[in-house]
Amino acid sequence: MDSPHGAERFNEDKARYALRGADQPDLDGGVAVIREVVATLKPSPGVYRMIDARGDVLYVGKARALKNRVANYVQVDRLPNRLRRMVSLTRTMTIVTTNSEAEALLLEAQLIKRYRPAYNVLLRDDKSFPFILLRSDHTFPRIMKHRGARRAKGNYYGPFASAGSVNVTINALQKLFLLRSCNDGFFARRDRPCLLYQIKRCSAPCVDRITPGDYGELVRQAKDFLGGKSGAVQKEIEVQMAAAAQALDFERAAMMRDRLRAATFIQGSQAINAEGVGNADVFAIAVKGGHVAVQAFFIRGGQNWGHRAFFPSHTEGHDEAEVMTQFMAQFYQDVPPPRLILIDRELPDGDLLAEALAGAAGGKVEISVPQRGDRRRLMEQAQRNANEALDRRMAETGTKAKIFREMAEFLELGDVPDRIEIYDNSHIMGTNAVGAMVVAGPEGFRKGHYRKFNIKRPETEPGDDFGMMREVMGRRFARAQEEDPDRDRGVWPDLVLIDGGKGQMTAVRETLEELGIEDVALIAVSKGPDRNAGREHFHFPDGREKLLPLNSQLLFHLQVLRDEAHRFAIGAHRAKRSRAITASPLDDIPGIGPARKRALLLHFGTAGKVRAASLDDLQRAPGVSETVAQTIYDFYHPAG
């Protein structure tokens with residue numbers, strides 16, 4: 001099934017045409033494959049994929065008329081060198097027809113995001129965008145940060161540019177509306193207010209310090225505020241503050257005053273003036289020296305919810321309008337589009353893109369280039385930000401290129417490394433042990449390639465750091481040998497950095513030698529005898545050690561790489577430890593998933609009370625059928 005959404009959305013008519021032969025470039029062979037495909041195509045909309053001899057996708061394209069579009073590739077004299085090479089590597093094609101060109105555009109973006117082809121413009125961003133979620137599945141709705149699929153019932157507000165901007169906004173919203181942020185289990189167990197009530201960031205509905213009606217009024221105000229009616233909410237609070245003062249209820253008046261200050265803080269922290277814009281995304285592109293930056297502003301309810309610069313890759317040979325179109329199509333695969341999108345230039349496929357996005361937006365999408373007024377000033381600000389972001393990126397790229405050349409020389413590598421893997425372990429007295437691998441390249445950290453390893457082999461003794469490193473490296477490189485024996489898929493490292501000293505280096509070297517791997521560059525990084533940052537020792541496989549000057553930029557960069565592995569390992573360990581602490585006996589009952597577990601705990605209070613409950617009590621619990629109640633009862637009373 002080629003479509004990520006399945007055949008129910010796209011009419012798939014998939015056919016493969018293969019050329020047998022070596023994986024060396026063969027222009028005539030590639031043209032022959034394409035000619036054979038063209039002979040079977042119809043002038044209908046759809047998506048085509050060009051695939052090389054290894055099965056890797058080279059390019060994903062869409063067309064209003066597949067036959068006409070694909071036929072262009074056989075006219076090699078009219079193709080630029082980049083596309084000639086792509087044709088010469090093509091050994092197979094896959095065709096998927098769609099109902100319309102708009103659907104083809106959506107499918108193209110989905111497949112580009114899935115396969116990340118070498119000849120497509122790529123949105124290189126591994127992070128999902130955070131949202132604020134105001135849940136609606138509880139009498140006292142919770143406000144929280146949310147990433148990922150939007151399955152929970154409630155109102156979503158976003159996207160925000162970063163987790164930091166969400167956290168700051170939620171903190172201010174708690175002061176403004178006193179909404180709870182705790183999970184349902186914590187809420188159900190409270191018998192007195194928590195600290196958030198004491199510091200005036202919650203109204204303590206868990207212990208009935210506020211009625212459901214009054215809490216619902218706070219939720220209504222929060223929805224209005226986040227929905228763009230911030231002025232009306234502020235006036236409402238001002239009226240309530242004045243009424244409280246007139247009634248000599250100074251404590252309530254002071255609380256209303258603090259809420260007004262929180263509202264002022266949220267609005268005053270807007271670095272971008274977006275008043276009157278409503279809900280919109282703003283995009284501006286900057287191009288210099290073959291590098292591209294796209295600046296995005298996220299405006300919701302006339303408020304700036306953050307901005308971020310993106311740096312698409314594989315942009316060579318594409319004009320700016322095409323880069324912008326492909327960027328937006330991929331961007332809105334994960335982010336719901338607003339009804340208004342402002343851009344800094346006309347797009348030839350702008351109307352098609354708007355049509356494709358209309359379904360996800362829930363109505364007509366307008367893509368326009370602002371010419372005057374507030375929108376034009378906002379666009380000019382986005383353009384300035386795009387140029388400044390690109391200048392910073394190019395300066396950083398130049399500095400990093402110098403650092404990577406110094407790294408290759410200092411660590412005695414054959415060439416400048418493209419893929420660096422850094423390893424660390426984390427545990428407490430041998431418990432909840434995890435290994436961590438982070439990946440970096442000249443462009444920075446590649447967070448989509450990070451990996452966690454749960455230490456699970458019986459021969460690995462608890463607390464044995466060297467044994468843990470042996471297990472992690474053995475699993476990592478045994479899998480690499482199995483999945484990429486020819487080392488041509490870009491998953492083998494050019495350099496392995498190990499957080500540790502001679503012992504870790506010996507463990508890793510011996511493990512790789514047992515696998516028959518002796519050509520991967522290994523370096524262990526230790527903090528020296530006094531464990532002082534800045535006095536790092538770099539251990540080579542042959543036992544030699546090197547030091548770098550305290551003010552070395554290369555030393556600082558290697559510290560950053562080591563510290564990122566340490567951060568990721570500790571985070572993985574804490575998450576594992578937290579899961580172990582919060583594990584419940586209910587997890588062991590067959591057929592009891594998270595939803596039923598939550599319902600049981602909310603009804604009975606604790607797992608112990610579930611265990612002590614009679615069969616009749618279990619059957620009266622919400623969401624528990626007679627069959628499930630019998631299963632739970634039998635689990636705790638196997639003798640009947």
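Two strands are taken to pair if DSSP finds at least two bridges between them. The present model is predicted, and this report treats the pairing of strand β14 and the packing of helix α4 on helix α12.

**Strand β14 and its partners**

Strand β14 spans residues 431–441, and nine of its eleven residues are buried, so the strand is largely enclosed by the rest of the structure. Its pairings with β13, β15 and β16 are set out below.

| Partner of β14 | Residues | Sense | Bridges | Opposed residues |
|---|---|---|---|---|
| β13 | 420–428 | antiparallel | eight bridges | tyrosine 423 and methionine 437 |
| β15 | 444–445 | antiparallel | two bridges | glycine 441 and glycine 444 |
| β16 | 451–454 | antiparallel | four bridges | valine 434 and asparagine 454 |

In the pairing with β15, glycine 441 of β14 stands opposite glycine 444. These two strands form a hairpin, with two residues between them. On β16, asparagine 454 faces valine 434, while methionine 437 of β14 lies opposite tyrosine 423.

**Packing of α4 on α12**

Two packed helices are described by the angle between their axes and the distance between the axes. For helix α4 (residues 101–115) and helix α12 (residues 350–361), the angle is about 80 degrees and the axes are 8 Å apart. Because angles of 65 to 115 degrees count as roughly perpendicular, α4 is roughly perpendicular to α12. Helix α4 contributes Glu101, Ala102, Leu105 and Leu106 to the contact, and α12 contributes Leu352, Leu353, Glu355 and Ala356. By class, the residues of this contact comprise six nonpolar and two charged, with no polar residue.

Methods
Residues numbered from 1 in each chain as written. Predicted model: local features only at pLDDT ≥ 70, side-chain atom pairs only at ≥ 80, totals over all residues. Heavy atoms only, no water. Axes fitted to C-alpha atoms, helices over the stretch in contact; angles between N-to-C directions. Parallel < 35°, antiparallel > 145°, perpendicular 65-115°, else oblique. Contact = heavy atoms within 4.5 Å. Nonpolar A, V, L, I, M, F, W, Y, C, P; charged D, E, K, R; others polar. Buried < 20%, exposed > 50% of the residue type's maximum accessible area, 1.4 Å probe, protein only.
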